[in-house]
Amino acid sequence: MRLLFVASLLTLPLLAQNAPRPMTLTIPGFPDGGQIPVKFSQAAPGAAPGEGTSPAMQWANVPAGTQSFVLHMHDMDVARNKTTDDQVHWVVWNIPASVTGFPEGVPKGSQMPDGSYQVSATGAMYRGPGAPATGPLHHYVFELYALDTKLDVKPAAEACETRANVIKAIQGHVLGKAVYSGLFRRPQ
């Protein structure tokens, strides 16, 4: 029995070496859990109300069999319309499996040249953080899902409805998930 236990302990490092590395999401413009710079917010000079410039991001260690990605950015500190819905800042779905990130400043438009779709509470675009200067820092979460399928979901009339449709459609198809977060409130 003792020999079997020792043999088991010796194989643990080998198993760990062969385990797939988890998928990661990185946003070079700010550290995970750190403050989101004003340049990526609705408070940036020249930003239209409800808009902003999206940060560059990259992802790695994509699970085998990935067919598409979904990116979901939301403000965890907002309760919309007296419901459990939080604020939809960006949902991008049907991102091709060959894509490994986004450049800074993804252009507006419902459907992107690569066939993916995007939506936010503002419209077919990235909605930068916009928490008021007088309150607490808000928690903005970027979630990236690797899927074993491409979704048959079109943008609905309202961003929360579209998000709900996307989240429902990914159930049973998620191969991996990566999360990155940032904090923001408008400067005073």
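1. Let's start with Ser-41, which is buried in this predicted model. Its relative accessible area is 0%, and the cut-off for calling a residue buried is under 20%, so Ser-41 qualifies. You will find Ser-41 in the loop between β2 (34-35) and β3 (57-60).

2. What does the side chain of Ser-41 reach at 2.7 Å? The partner is the backbone oxygen of Val-38. A polar atom of the Ser-41 side chain also lies 3.0 Å from the backbone nitrogen of Ala-43. Setting aside residues up to four places away in sequence, Ser-41 touches Ala-47, Glu-51 and Gly-52, along with Gly-128, Pro-129 and Phe-184.

3. Next, please have a look at strand β3, where the side chains alternate. Met-57 and Trp-59 point to one face and are buried, whereas Gln-58 and Ala-60 point to the other face and are not. For Trp-59 the relative accessibility is 4%, so this residue counts as buried.

4. Which strands does β3 pair with? Strand β1 (residues 24-26) is joined to β3 by three bridges, and the two run antiparallel. Within that pairing, Leu-25 has Trp-59 as its bridge partner. Strand β6 (residues 101-102) is also antiparallel to β3, with two bridges between them. There, Met-57 stands opposite Phe-102.

5. The largest nonpolar core has 27 residues, and Met-57, Trp-59, Trp-90 and Phe-102 have the most contacts inside it. Two or more residues come from each of β3, β4 (68-75), β5 (87-96), β8 (138-147) and β9 (174-184). Which element gives the largest share of this core? That is β8, with four residues. As background, nonpolar side chains tend to be buried together in soluble globular proteins.

6. Trp-59 is worth following through its contacts. Leaving aside neighbours within four places in sequence, Trp-59 is in contact with Thr-24 and Leu-25, with Phe-69 and Ile-95, with the run Val-99, Thr-100, Gly-101 and Phe-102, and with Leu-144. A second, separate core of 14 residues also exists, and its members include Val-70, Val-91, Trp-93 and Val-166.

7. Now to the rings: the structure holds seven aromatic pairs. One of them joins Trp-59 and Phe-102 edge-to-face, at 5.5 Å centre to centre with 90° between the planes. Trp-59 belongs to strand β3 and Phe-102 to strand β6, so this pair ties together parts 43 residues apart in sequence. Phe-102 is buried, with a relative accessible area of 8%.

8. Is the pair of Trp-93 and Tyr-117 stacked or edge-to-face? Their ring centres are 5.5 Å apart and their planes are at 20°. Planes under 30 degrees apart count as stacked, so that is the label for Trp-93 and Tyr-117. Trp-93 lies in strand β5 and Tyr-117 in strand β7 (residues 117-119), so the pair ties together parts that are 24 residues apart in sequence. Trp-93 is buried at 0% relative accessibility, and Tyr-117 is buried with a relative accessible area of 10%.

9. A last point on the aromatics: ring pairs link Trp-59, Phe-69, Trp-90, Phe-102 and Tyr-126 into a cluster. Trp-59, Trp-90 and Phe-102 are also among the residues with the most contacts inside the largest nonpolar core. If you follow one residue on screen, Trp-59 leads from strand β3 to its bridge partner Leu-25, its edge-to-face partner Phe-102 and this ring cluster.

Key: Residues numbered from 1 in each chain as written. Predicted model: local features only at pLDDT ≥ 70, side-chain atom pairs only at ≥ 80, totals over all residues. Heavy atoms only, no water. Buried < 20%, exposed > 50% of the residue type's maximum accessible area, 1.4 Å probe, protein only. Polar contact = N/O pair within 3.5 Å; in protein donor to acceptor, adjacent residues only side chain to side chain. Contact = heavy atoms within 4.5 Å. Core = buried A, V, L, I, M, F, W, Y, C linked by side-chain atoms within 4.5 Å. Pairing = 2+ DSSP bridges. Phe/Tyr/Trp six-rings, centres within 6.5 Å; stacked < 30°, edge-to-face > 60°.
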